[in-house]
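Reader: I'd enjoy going through this one with you, asking as we go where each label comes from. Could you show me the model?

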Amino acid sequence: MQVWNTMYLKHKKYVPASATKATYSRGTSLIEVLIAVLILGIGLLGIASMQAITLRNGQSSMERSQAVMQTYSILDAMRANVLTARANAYVMPRTCTVPTATTTLAENDLNAWMRNMQVNLGATACGTIACEATVPASTGRVCTVSVEWNDSRGSAGSAAQTTVTRSRI
């Protein structure tokens, strides 16, 4: 059995006598701690950046869903008032202002549609409704509803994002 020549250190551990201060150290140095904190900080910044991108893209996704719901909303209103819709009362060129509500159901529907669109998609939201002439009109008209809004906050969005829905009325 080999006997180690030992010495007694301040922290009350026995180590081989050949171990000197240069080869035996206890704990971590300040440089190691600073490097670990730096790496942790960079990782946390990356996580925060990913979270911000996720929130922006989530908002963009919600606006796209709202735009699709708005197109179906006006198409449903047109189907509920089908004779007036086939008479082109709902046809509207591209507009970004809320039309005035009057005594007709079609104008009230258009007013409510544009107001809801600008509440859900922002004040710059625009809408267009165009119907193709079909002879005879009793077979129905193919109408195209377009909703345009600013989606530049999303990763793949643009300042003039458009959703188009076509349906036979």
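**A turn after the helix, and what follows**

Author: Happily! Just after α3, G122 takes a positive phi of about 105°. Please keep in mind that this is a predicted model.

Reader: What is the helix before that glycine like, and how do you know how its span compares with the expected one?

Author: Helix α3 covers residues 105-121, which is 17 residues. From its first C-alpha to its last the helix reaches 24 Å, close to the 24 Å expected at 1.5 Å a residue.

Reader: Which residues of α3 are buried, and what covers them?

Author: The buried residues of α3 are A106, D109, L110, N111, W113, M114, M117, Q118 and L121. Their cover includes two helices, α1 (30-80) and α2 (82-86), together with the strands β3 (92-95), β4 (126-131) and β5 (142-149). Helix α3 also lies across β3, β4 and β5, and runs at about 140° to β4.

Reader: Where does that helix fit in the chain as a whole?

Author: The chain has 3 helices and 6 strands, and along the sequence they follow the pattern β-β-α-α-β-α-β-β-β. Of the 169 residues, 28% count as buried. The chain exposes about 11100 Å², with carbon and sulfur atoms supplying 62% of it. Among contacts between residues at least 6 apart in sequence, 47% join residues at least 24 apart.

Reader: Let's take one residue from α1. Why is I74 called buried?

Author: Buried means under 20% relative accessible area. I74 has 1% relative accessibility, so I74 counts as buried. This residue lies in helix α1.

Reader: What does I74 touch, leaving aside its neighbours within four places in sequence?

Author: I74 is in contact with Y90, D109, L110, W113, I129 and V145. For I74 and W113, 39 residues apart along the chain, the C-alpha atoms are separated by 6.5 Å.

**The sheet**

Reader: How are the strands of the open sheet ordered, and what makes β3 and β6 edge strands?

Author: The sheet has 4 strands in the order β3-β4-β5-β6, and the pairing is antiparallel. β3 and β6 (161-168) each have a single partner strand, so one side of each is left without a neighbour in the sheet. The twist averages 15° from one strand to the next.

Reader: What makes β3 and β4 a pair?

Author: Two strands pair if there are at least two bridges between them. For β3 and β4 the number is 2 bridges, so they count as a pair, and they run antiparallel. T95 stands opposite G127 in β4.

Reader: And how many bridges join β5 and β6?

Author: β5 and β6 pair over 8 bridges in the antiparallel sense. One residue to look for is E148, whose bridge partner in β6 is T162.

Reader: Which residues of β6 are on the covered face, and which on the uncovered one?

Author: The covered face has Q161, T163, T165 and S167, while T162, V164, R166 and R168 make up the uncovered one.

**The disulfides**

Reader: How many disulfides does the structure hold, and how do you know that C96 and C126 form one?

Author: There are 2 disulfides. The cut-off is a pair of cysteine sulfur atoms within 2.5 Å, and the S to S distance for C96 and C126 is 1.7 Å, so this pair is a disulfide. C96 is in the loop between β3 and α3 and C126 in strand β4, 30 residues apart, so to speak linking distant parts of the chain.

Reader: Why is this disulfide called right-handed?

Author: The torsion about the S-S bond of C96 and C126 is about 90°, so the disulfide is right-handed.

Reader: Are C96 and C126 buried or partly exposed?

Author: One of each. Partly exposed lies between 20% and 50%; C96, at 28% relative accessibility, therefore counts as partly exposed. C126, at 3%, counts as buried.

Reader: What about the link between C131 and C143?

Author: Its S to S distance is 2.0 Å. This link joins C131 in strand β4 to C143 in strand β5, 12 residues apart. With 105° about the S-S bond, the link of C131 and C143 is right-handed. C131 is buried, with a relative accessible area of 16%, and C143 counts as buried at 0%.

Note on methods: Residues are numbered from 1 along each chain as its sequence is written. This is a predicted model: local features need pLDDT of at least 70, side-chain atom pairs count only at pLDDT 80 or more; totals for chains, interfaces and linings use all residues. Side-chain values use heavy atoms; hydrogens and water are left out. Buried means under 20% relative accessible area, exposed over 50%, partly exposed in between (1.4 Å probe, protein chains only). Contact means heavy atoms within 4.5 Å. Accessible areas come from the Shrake-Rupley method with a 1.4 Å probe; for residues, only the protein chains shown count as cover. The expected span of a helix is 1.5 Å times one less than its number of residues. Axes are lines fitted to C-alpha atoms, for helices over the stretch in contact, and angles run from 0 to 180 degrees between N-to-C directions.
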